[in-house]
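Subject: Structure handover

Hi,

Here is the structure I promised to pass on. Please open it first, then read my notes below.

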Amino acid sequence: MTSVVERTTAPPHLRTEITPVTIGEHRLGPGQPVYVIGEIGINHNGDIGIAKKLIDVAAEAGCQAVKFQKRTPEICVPPEQQKRIRQTPWGEMTYLAYKHRVEFGRDEYTEIAKHCAGLGLDWFASPWDVPSVEFLEEMDVPAHKVASASITDLELLRALADTGRPVLLSTGMSTLEEIDTAVTVLGARQLVIMHSTSTYPMPPEEGNLRTIETLRERYRVPVGYSGHERGLQISVAAAALGAVTVERHITLDRTMWGSDHAASLEPSGLSHLVRDIRVIQEALGDGVKRVFPGEEEPRTRLRRTTV
């Protein structure tokens, strides 16, 4: 099998074109509409009513998908942290009890699936352990997402590769060598790599958006962007640089309790982001120089030709 290094160092004229990846009814790749993901994560705070409101927000803004996180707390919470006490809106409880409190199960995800289907949205999640992969497979999600924290969890990556479904791979806090290994395990056929920086919130100087091109050239797969910054400019710039998908955390109110709300977009911000991405993608065009219809009249009126 061709290694990552062999495949990515071939001369440009020998490299294959980047093949789009299909998620649900959407194709993610060069020349395709940007696939916008509203990352709900655990911003629902364990409340299915809040989750549905966030799904509605994503649909109204024009997103194509929403994403959650799925964990088995006993596996994901280190033993030394499980009994630590945490202050929560529901009172004082152990960290393990808190993780159970905000975790959705089959009943909630069945409601989520039905709600998303009614709005024409894809939904999927970042599984943090192998049982969560099995759970999501039973829910028949159209794709899986690898969180940046999980990129070195080879057992998890192998389980995801075995599903045969498209995988979005976040690359925050990762070296190229770690990404090489993950790509080798997952395979490149149904892979979308997501450029990301795992600082919450991310300052502009850590955005490093030119990495989108670096990843695209190295792995020859569609590359997207998962952002944790405040504001819209960096995500819009990512789309202008060719990100095939843009993912942002969303919330009903940034002042809500929880670790991810402060770096999330509120409903109006999400709507503006989707609007601006669509304008940018339309304005990029196809790169073929031509005289546009709107230029014909001023061309006739203003152009002076001399010999």
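**Strand 3 and its neighbours**

Strand 3 (residues 35-41) is mostly covered, with 7 of its 7 residues buried. Keep in mind that this is a predicted model.

Cover comes from both sides of strand 3. One face carries Tyr-35, Ile-37, Glu-39 and Gly-41, and these are buried. The other face carries Val-36, Gly-38 and Ile-40, also buried. In a regular strand, side chains alternate between the two faces of the sheet.

Strand 3 has a parallel partner in strand 12 (residues 245-249), with 5 bridges between them. Ile-37 has Glu-247 of strand 12 as its bridge partner. Strand 3 also runs parallel to strand 4 (residues 65-70), joined by 4 bridges. There, Glu-39 is matched with Lys-67 of strand 4. Between strand 3 and strand 4 the chain passes through helix 2 (residues 48-61), and this β-α-β crossover is right-handed.

**Ser-126**

Next, a single residue. Ser-126 sits in strand 7 (residues 122-127). Is Ser-126 buried or exposed? Its relative accessible area is 2%, so Ser-126 counts as buried, the cut-off being under 20%.

Which residues does Ser-126 touch, leaving out those up to four places away in sequence? They are Lys-67, Phe-68, Gln-69, Lys-70, Lys-145 and Ala-147. Two of these names recur in the strand pairings. Lys-67 is the strand 4 partner of Glu-39. Lys-145 stands opposite Leu-168 in strand 9.

**Strands 8, 9 and 10**

That leads to strand 9 (residues 167-170), which is covered on both faces. Val-167 and Leu-169 are buried on one side. Leu-168 and Ser-170 are buried on the other.

Strand 9 pairs with strand 8 (residues 144-146) in the parallel sense, over 3 bridges. Together with helix 8 (residues 154-163), strand 8 and strand 9 form a right-handed β-α-β unit.

Strand 9 also pairs with strand 10 (residues 191-196), again parallel, over 4 bridges. Val-167 has Leu-191 of strand 10 as its bridge partner. The chain gets from strand 9 to strand 10 by way of helix 9 (residues 176-186), in a right-handed β-α-β crossover.

**Where to look**

For a quick tour, start at Glu-39 and its bridge partner Lys-67. Go from Lys-67 to Ser-126, which touches it. Then take Lys-145, another contact of Ser-126. Finish at Leu-168, opposite Lys-145.

Best wishes

Definitions and conventions:
Residues are numbered from 1 along each chain as its sequence is written. This is a predicted model: local features need pLDDT of at least 70, side-chain atom pairs count only at pLDDT 80 or more; totals for chains, interfaces and linings use all residues. Side-chain values use heavy atoms; hydrogens and water are left out. Helices (H or I, at least four residues) and strands (E, at least two) are DSSP runs, numbered from the N terminus. Buried means under 20% relative accessible area, exposed over 50%, partly exposed in between (1.4 Å probe, protein chains only). Contact means heavy atoms within 4.5 Å. Two strands pair if DSSP finds at least two bridges between them. A crossover is right-handed if, with the strands pointing away from the viewer, the path from the first strand over the helix to the second runs clockwise.
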